[in-house]
Amino acid sequence: MFGADDANKIDRRQLLRGQLHNQLPPMRPPWAQTEDSFVALCSRCDDCIKACETRVLFRGSGGFPEISFQSAGCDFCGDCLQACTSNALQAPVPAPSLAWRHRAAINNQCLSLNGIVCRSCAEACDTDAIRFKLQTGGRATPLLNQELCNGCGECLAVCPNHSISLEIPETQ
């Protein structure tokens, strides 16, 4: 989705709104084409939004669908993929590993890293990508295995401190 050149691109909507900063495009539904292709193909019909059972899709900037993990994560059911008739969302099979390259990242504001007991993210993680390692003194440190992470966003939805984000790892 986001390549090295994308960080320097500004689309027409950003230019007209005066958003001249290097800004990444919004996170699109699972199985979205590259941003340029997605915007060209998407008819803004809202069919994918209506099909989303977890209600993580919403009508974003320019009327294009975006995803938000404020209240839930994506279960990769494939309903949005099936509902899309414009081919803006495409996959040979609706597998989570093909949905997107985004993976969880935990920042230094994590409550556990700051001595407060919290393991909400690990409890919400169905793939066991987030675990906690017990340290001396009863503290626990989060350990994130990005190879197990599918980028579903469940950890973002439950994090009370908003210290988790989805990012595209540099190694991919």
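Phe 64 is buried in this predicted model, and its relative accessible area is just 3%. Its ring partner is Phe 38, which also counts as buried, at 1% relative accessibility. Together, Phe 38 and Phe 64 make a tilted aromatic pair, with 6.4 Å from centre to centre and 55° between the planes. Phe 38 sits in helix H2 (residues 35-41), while Phe 64 sits in the loop between strand S1 (57-59) and strand S2 (65-67), so the pair ties together parts that are 26 residues apart in sequence.

## Rings

How many aromatic pairs does the structure hold? There are 4. Another of them joins Phe 69 and Trp 100, whose ring centres are 6.3 Å apart with planes at 80°, so this pair is edge-to-face. Here too distant parts of the chain are linked: Phe 69 belongs to the loop between S2 and H4, Trp 100 to the loop between helix H5 (96-99) and strand S3 (103-106), and the two are 31 residues apart. Phe 69 and Trp 100 are both buried.

These two residues also belong to a wider arrangement, since ring pairs link Trp 31, Phe 69, Phe 76 and Trp 100 into a cluster. Trp 31 is found in the loop between helix H1 (12-16) and H2, and it is buried, with a relative accessible area of 2%.

## Backbone: two positive phi values

Trp 31 deserves a second look for its backbone. Most residues other than glycine have a negative phi. Trp 31 is not a glycine, yet it has a positive phi of about 65°. Arg 55 is another such case, with phi near 60°. Is Arg 55 buried or exposed? At 55% relative accessibility, Arg 55 counts as exposed, whereas Trp 31 is buried. The place of Arg 55 is the loop between H3 and S1.

## The fold and its core

Stepping back to the whole chain, the secondary structure comes to 7 helices and 6 strands. Read from the N terminus on, the order is α-α-α-β-β-α-α-β-α-β-β-α-β. The protein chain has 172 residues, and 39% of them count as buried. Among contacts between residues at least 6 apart in sequence, 61% join residues at least 24 apart. The accessible surface comes to about 10000 Å², and carbon and sulfur atoms account for 49% of that area.

In soluble globular proteins, nonpolar side chains tend to be buried together. The largest nonpolar core of this model has 38 residues. Which of them touch the most other members? They are Ile 67, Phe 69 and Leu 89. The elements that give two or more residues to this core are helices H3 (47-51), H4 (79-83), H6 (120-124) and H7 (154-158), along with strands S4 (130-134) and S6 (164-167).

Ile 67 is a handy place to start if you want to explore the packing. Leaving aside residues up to four places away in sequence, Ile 67 touches Met 27, Arg 28, Pro 30, Val 56, Leu 57, Phe 58, Cys 74 and Trp 100. Trp 100 brings us back to the ring cluster, and Arg 28 leads on to the charged pairs.

## Salt bridges

The structure holds 2 salt bridges, listed here with their N to O distances.

| Side chains | N to O distance |
|---|---|
| Glu 35 and Arg 28 | 2.7 Å |
| Arg 59 and Asp 46 | 3.1 Å |

Arg 59 lies in strand S1 and Asp 46 in the loop between H2 and H3, so this pair ties together parts that are 13 residues apart in sequence. Arg 59 counts as partly exposed, at 45% relative accessibility. Glu 35 and Arg 28, by contrast, are both buried.

## Cysteines

How many disulfides does the structure hold? The count is 0. Why is Cys 80 not bonded to Cys 74? The sulfur of Cys 74 is the closest cysteine sulfur to that of Cys 80, but at 6.3 Å it is too far for a bond. Cys 80 counts as buried, at 7% relative accessibility. Cys 149 is in no disulfide either, and its nearest cysteine sulfur, that of Cys 155, is 6.2 Å away. Cys 149 is buried as well, with a relative accessible area of 9%.

Conventions:
Residues numbered from 1 in each chain as written. Predicted model: local features only at pLDDT ≥ 70, side-chain atom pairs only at ≥ 80, totals over all residues. Heavy atoms only, no water. Helix = DSSP H or I, 4+ residues; strand = E, 2+ residues; numbered from the N terminus. Buried < 20%, exposed > 50% of the residue type's maximum accessible area, 1.4 Å probe, protein only. Contact = heavy atoms within 4.5 Å. Areas by Shrake-Rupley, 256 points an atom, 1.4 Å probe, with all protein chains shown as cover. Core = buried A, V, L, I, M, F, W, Y, C linked by side-chain atoms within 4.5 Å. Disulfide = S-S within 2.5 Å. Phe/Tyr/Trp six-rings, centres within 6.5 Å; stacked < 30°, edge-to-face > 60°. Salt bridge = Lys/Arg side-chain N within 4 Å of Asp/Glu carboxyl O.
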